[in-house]
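Student: Please pick one part of this model and look at it closely with me. I would like to see how it fits in with the rest.

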Amino acid sequence: MANTRRPNRGPSAAAENRAALIAAARELFTTDGLDAPLTSIARAAGVGQGSLYRHFPDRVSLALAVFDEGIKALEALATDPAATLDDVLALTTEQAIASTAFIAMVSATDPRIMALRYQVEALLEGPLARAREAGRVREHVTTEDLVTALGMIAGLLAKIPADLRRETADRAWLLLRKGLEP
């Protein structure tokens with residue numbers, strides 16, 4: 001990411017500036033979490049604060065744009081009838097390992113973020129139903145339980161160095177699966 005501001009090219013640069021802001025936010029959310037300073041994001045994108053706020057009036061708007069790609073990938077996998085619950089949880093875990101801000105966002109209480117949480121829960125319904133039918137998950141397990149488990153793992157991952165996240169996530173899922181499986 002560039003740390004110097006690009007010359008102002010006016011409205012013709014809007015799409016490029018927006019893309020640069022999303023890329024910078026994705027990188028900083030990964031390293032600094034959802035609370036990464038917006039000034040640092042604008043600086044890393046090579047744009048001014050005004051440009052950031054023209055595209056994203058607040059932190060939540062920016063975070064939703066950053067994680068839109070991850071949600072689309074989750075949606076594509078979850079709606080595939082061949083996808084298993086393990087596949088969907090693995091992708092979500094990968095997203096948490098890459099950026100713990102993703103799941104931290106799903107745990108927030110802003111109405112726009114709550115809508116994202118409900119979207120994730122809805123995406124888990126099909127794979128969870130298929131896992132129940134195959135006898136791989138207890139009948140009482142809900143999508144809300146799965147989102148809670150993801151939040152617990154993400155909370156844990158947010159507190160440890162990035163190089164330990166994979167192993168920690170695997171161990172946490174091993175423990176949690178014992179409660180999910182019949």
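**A close look at helix H5**

Tutor: Gladly! The protein averages a pLDDT of 86, and 88% of its residues score at least 70; pLDDT is the predictor's confidence in each residue, from 0 to 100. This is a predicted model, in which local features need pLDDT of at least 70 and side-chain atom pairs count only at pLDDT 80 or more, while totals for chains, interfaces and linings use all residues. Residues are numbered from 1 along each chain as its sequence is written, and side-chain values use heavy atoms, with hydrogens and water left out.

Let's set the scene before we zoom in. The protein has nine helices and zero strands, so named from DSSP runs numbered from the N terminus (helices: H or I, at least four residues; strands: E, at least two). Read from the N terminus, the order of elements is α-α-α-α-α-α-α-α-α. The mean pLDDT is highest, at 96, for helix H2 (residues 38–45), and lowest, at 62, for helix H6 (residues 100–106). Where pLDDT is low, the predicted coordinates should not be read in detail. Of the 182 residues in the protein, 42% are buried (under 20% relative accessible area; exposed is over 50% and partly exposed in between, with a 1.4 Å probe and protein chains only).

Now to our chosen part, helix H5, which spans residues 85–98. Start with threonine 93, which is found in helix H5. This threonine 93 counts as buried because its relative accessibility is 4%. Look across from there to arginine 166: the two residues are 73 apart along the chain, and their C-alpha atoms are separated by 8.9 Å.

Isoleucine 97 also has its place in helix H5. With a relative accessibility of 15%, isoleucine 97 counts as buried too. Its C-alpha atom is 7.6 Å from that of alanine 154, although isoleucine 97 and alanine 154 are 57 residues apart in sequence.

Next, see how H5 joins the nonpolar interior. The largest nonpolar core has 28 residues, and those with the most contacts inside it are Leu85, Leu89, Leu124, Leu146, Leu157 and Trp173. Such a core is a set of buried Ala, Val, Leu, Ile, Met, Phe, Trp, Tyr and Cys residues joined through side-chain atoms within 4.5 Å. H5 is among the elements that give two or more residues to this core, together with H4, helix H7 (111–133), helix H8 (143–157) and H9. The largest share comes from H8, with seven residues. There is also a second, separate core of 22 residues, which includes Ala20, Ile22, Ala36 and Ala44.

H5 also borders some empty space. A search of the whole structure finds two cavities of 30 Å³ or more, and the largest has a volume of about 110 Å³. On a 1 Å grid over the protein atoms alone, a cavity is a set of points where a 1.4 Å probe fits but cannot get out, a pocket is an open set with protein on both sides within 12 Å along at least five of seven lines, and lining residues have an atom within 4 Å of a point. Points are joined across faces, edges and corners, and a volume is the space filled by probe spheres set on them.

Around the largest cavity you will find Leu85, Asp86, Leu89, Ala131, Arg136, Val137, Arg177, Leu180 and Glu181. H5 and helix H9 (165–180) each give two or more residues to this lining, and H5 gives the most, with three. Leu85 and Leu89 therefore appear twice in our tour, in the core list and in the cavity lining. By class, this lining has five nonpolar, no polar and four charged residues (nonpolar: Ala, Val, Leu, Ile, Met, Phe, Trp, Tyr, Cys and Pro; charged: Asp, Glu, Lys and Arg; polar: the others, Gly among them).

H5 meets a pocket as well. The second largest pocket has a volume of about 210 Å³. Of its 10 lining residues, the closest to its centre are Arg26, Phe67, Gly70, Gln95 and Ala98. Helix H1 (14–32), helix H4 (59–78) and helix H5 each give two or more residues to the lining, with H4 giving the most, four. Four nonpolar, four polar and two charged residues make up this lining.
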